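Here are a few notes to read alongside the model. I have kept them short and grouped them by topic.

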Amino acid sequence: MIILAIETSCDETAISIVKAEGDLENLDFQLLGSVINSQIKIHEVYGGVFPTLAKREHIKNLPIVYKQTIEEARIKENEIDVVVVTTGPGLEPALWTGINFAKELGEKMKKEVLGVNHMLGHIASVLLTKKTEIDFPALALLVSGGHTELIVLKNWGDKEKIGETKDDAAGEAFDKVARMLGLSYPGGPQVSAIAEEARKNDVKISSLKFPRPMMHTDDFDFSFSGLKTAVLYYIKSLGDKNDDKTKMTIAREFEDAVIDVLIHKTKKAIDRYAPQTLVVGGGVIANKRLREEITNLNKTYPQIKILIPEKNLTTDNATMIAIAGYIEYLKNKEKIVEKELEADGNLEL
Ligand code: KG4
Ligand code: ZN
C-alpha cells in the first residue's frame, strides 16, 4: 500500500510517501518521496523553537511540501491508500497544523487518516533499510531534543517504558551547552564537531571531569541538568580565559559524559532484560561518537542485533512516521475505530 505521512511535531515540516508491504513479521518499505522544510534559521535567534512561530510556518509550508513530495514520488493523489500523521508528543500548536492538514487531505481523497506516536516513529526509523527486522523482545534507546528514554518492547503491541530523564533530555543538554559555548541552535551537531576536533588533535585538560549524573543509580532513569550546570559553573570560573581550545575541551568532556551515561544505562538494561535486538533512535543518534559506542556494544553483546537508523533518519522526518503508521495499520486493521484525531503534547508510547 502507499502511505502518505505528515510530521509537524516540532520545527520540521516533513512529508513522505512510502510504499509498504508485508506483515508484522516481514516488513518491507520503499521510500518514494520525502521533503523536509526545516525552520532552524527562523528559530535560531530565539535559541530554541518558538511554538506559535512554528505553527505559522507549518501552515505556510505544508501545501508546498505536499506538492513537492507528490512530484518527487511521481504518483497521483488517488494512488495514496492511507494518510498518517504525528499526533504527539511534541508542541501542540505545531501538531495541530499537521493533523488538520491530514484530515483535509483524508476528506478530499476519501481515505482513512491514522494518528501515529512520534517516538514510535523514532523506533521504526531503523526499518527503512532493506531486510531489517526487529527480533523481540527488543530494547529501544530514544534520545532526542525532547526525550531520553529506554523502552522494552515484547512485541509491537506491548511496550514498557523502563526509564526516562528526570529533567533535561540529552539533546536539550547539547543545545544548552552549545549556547553557553556561543554556538548556534540546534547545538548538538556543533558541540559534536568541536569535540571531534579536540579528539583528533588530542586537546584536553586532564583535570577537567564533568559529573555523570545518575550513572550508578539502581534504575534506568537519566538526568542531564546537573551536568549542564557543572558546565556552566566551569565556564563562569574561566572568566575571559575561555579560548577556542578550552571550548573544544569542554565540548569533548561534556559529550563523553553524556555518552558514558547513555551507554552505561543501556548496558544495564540489556543485562536485566536480555533483549534480542537493540534499537536506537532520535536526533542525538546522529552523533558520531555515540554511533560508534553503540556499534561497539556488539563486542560485549555479540548475540544482540544492533539497529541504528541511517543518519538522515535520526532527526525528525516523515519517513519514520510512514513506517510507524504502517505498523499501526497492520496492528489495528481488523478493528480500526474511527476516532477523532487530537494533538497530545505529552502522548505516551
Ligand atoms: O529527534 P529530533 O530531531 O527532534 C526531537 O524529536 O526532539 O532531535 C533533535 C535533537 C536536538 O537537540 C539536536 O541538538 C540533537 O538532536 N542532535 C545532536 C546531533 N544532531 C542532532 N546531538 C548531538 N550530536 C549530534 N550530532
Ligand atoms: Zn523527534
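1. Let's start with two rings in the interior: Phe174 and Phe254 are both buried. Please keep in mind that this is a predicted model.

2. How are the rings of Phe174 and Phe254 arranged? Their centres lie 5.0 Å apart with the planes at 75 degrees, so the pair is edge-to-face. Phe174 belongs to helix 5 (residues 170-180) and Phe254 to helix 8 (residues 244-273), so this contact ties together parts that are 80 residues apart in sequence.

3. Searching the whole structure gives eight aromatic pairs. One of them is Phe136 with Trp156, edge-to-face at 5.5 Å centre to centre and 80 degrees between the planes. Phe136 sits in the loop between helix 4 and strand 6 (138-143), and Trp156 in the loop between strand 7 (148-155) and strand 8 (158-164), so parts 20 residues apart in sequence are tied together. Phe136 counts as partly exposed because its relative accessibility is 22%, whereas Trp156, at 5%, is buried.

4. Two further spots for your viewer: Phe29, Tyr326 and Tyr329 are linked into a cluster by ring pairs. Lys268 lies over the face of Phe220, 5.3 Å from the ring centre.

5. Now the metal. Which protein atoms are the donors of the zinc ion (ligand 2)? They are NE2 of His118, NE2 of His122 and OD of Asp316, at 2.0 to 2.1 Å from the ion. Along the sequence these donor residues follow the spacing H-x3-H-x193-D. His118 in helix 4 (residues 118-124) and Asp316 in the loop between strand 10 (305-307) and helix 10 (319-332) are 198 residues apart, linking distant parts of the chain. Both His118 and Asp316 are buried.

Note on methods:
Residues are numbered from 1 along each chain as its sequence is written. Chains are lettered from A and ligands numbered from 1 in the order in which they are written. This is a predicted model: local features need pLDDT of at least 70, side-chain atom pairs count only at pLDDT 80 or more; totals for chains, interfaces and linings use all residues. Side-chain values use heavy atoms; hydrogens and water are left out. Donors are N, O and S atoms within 2.8 Å of the metal (3.2 Å for Na, K and Ca); water is not among the atoms, so sites may look incomplete. Helices (H or I, at least four residues) and strands (E, at least two) are DSSP runs, numbered from the N terminus. Buried means under 20% relative accessible area, exposed over 50%, partly exposed in between (1.4 Å probe, protein chains only). Rings of Phe, Tyr and Trp (its six-membered ring) pair if their centres lie within 6.5 Å; planes under 30 degrees apart count as stacked, over 60 as edge-to-face and the rest as tilted. A charge sits over a ring if NZ of Lys or CZ of Arg is within 6 Å of the ring centre and within 35 degrees of the ring normal.
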